[in-house]
Amino acid sequence: MTEELIKVQALTKYFPIRGGLLSRVIGHVKAVDGVSFEVVKGETLGLVGESGCGKTTVGKTILRLIEPTSGEILYKQQDITKLTRGQFRKIRKNMQMVFQDPFLSLNPRMSVRQIVREPLQVNRVASNEDLEERVCHLVELVGLNPDHLNRYPHEFSGGQRQRIGVARALALNPEFVVLDEPTSALDVSVQAQILNLLTELQKKLGLTFLFISHDLSVVRQMSNRISVMYLGKIAETGPTTEMLSHPYHPYTQALFSAVLDPDPEVETRRIVLTGDVPSPANPPKGCRFHPRCWLANDRCRTEEPTMREIGNEHYVTCYTH
């Protein structure tokens, strides 16, 4: 029986738009608008979509780095949105994040030793005697040399800095880690090394990942299941093999058609979308994808589709089939 570690229900995050002399709220950017999904213990759920679709906001909201507007975030069946900051702090150490740009996410004035040691000191999870041993273990765990502990972030390559970020995230022995495009700022030659490291750490430590990315080739390699976001909503979700072989939603089909198949004998038809992504401050009525969808009908333009199962734990929000 699978155990749901994280369950998100009807999650929304609206950012106010202010204008006028008094800076009154004149509207909202609906960055996340009614998102629901679950992450099973020990798996990697890939969250994909175009830039600006809200996927990073989902990750930060789950960890309460930004507060949700509404909805539920269940961690082991406990709604963490109802907890005070003090109550949540006890749970927060079990949920960590690896950020997109390792250079911006690391304090340039702190040495590697200080960066990795800081979460241990703040949460008081190790005595002074054990701190150095724990820091050395974490650095070695991510493939760095303990001799690097006195060096600073600017002295490392992008891949090494990301390893430092991973070591910091693992300092408190978390169960759940949000990976926010952890390889997009790295050279292609280094990306595979970081992905292999994350896979090894997941197996060794029993980690559960939410892998946020716009790179479908990376998500295909890393994820057990994939959820596709478009303009603040989940368009489709299902097991990776099922999603890749039978993409159902027109947006998913277009997104996946851009990924080259590793088999040179296989020809894929590229679907080129027309038009621009609508503004999240003024999303279209009905299905949000309908202005760019070549299969849209009248129902798509007026009625917002709900998530339905089409078999094999494959879910979609679409009226065109």
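**A friendly note on the sheet and two of its helices**

1. A good place to begin is helix 7 (residues 188-205), which lies across strand 3, strand 7 (176-180) and strand 8 (208-213). Against strand 8, helix 7 runs at about 160 degrees. Please keep in mind as you look that this is a predicted model.

2. Now for the sheet itself. It is an open sheet of eight strands, in the order 6-7-8-3-9-10-12-11, and its pairing is mixed. Strand 6 (95-98) and strand 11 (308-311) stand at the edges with a single partner strand each, so one side of each has no neighbour in the sheet. On average, neighbouring strands here are turned by 20 degrees against each other, direction ignored.

3. Within that order, have a look at strand 3 and strand 9. They pair in the parallel sense, over four bridges. Leucine 47 has serine 227, in strand 9, as its bridge partner. In general, strands of a sheet pair through backbone hydrogen bonds, either parallel or antiparallel.

4. Helix 10 also meets this part of the sheet: it lies across strand 3, strand 9 and strand 10, and runs at about 110 degrees to strand 9.

5. Is helix 10 enclosed or open? Eight of the eight residues of helix 10 (residues 250-257) are buried, so the helix is largely enclosed by the rest of the structure. Among these buried residues are Pro250, Tyr251, Leu255 and Phe256.

6. What do the buried residues of helix 10 pack against? Their partners are strand 3 (44-48), strand 9 (225-230) and strand 10 (233-239), together with helix 8 (216-222) and helix 9 (240-245).

Conventions
Residues are numbered from 1 along each chain as its sequence is written. This is a predicted model: local features need pLDDT of at least 70, side-chain atom pairs count only at pLDDT 80 or more; totals for chains, interfaces and linings use all residues. Side-chain values use heavy atoms; hydrogens and water are left out. Buried means under 20% relative accessible area, exposed over 50%, partly exposed in between (1.4 Å probe, protein chains only). Helices (H or I, at least four residues) and strands (E, at least two) are DSSP runs, numbered from the N terminus. Contact means heavy atoms within 4.5 Å. Two strands pair if DSSP finds at least two bridges between them. Axes are lines fitted to C-alpha atoms, for helices over the stretch in contact, and angles run from 0 to 180 degrees between N-to-C directions.
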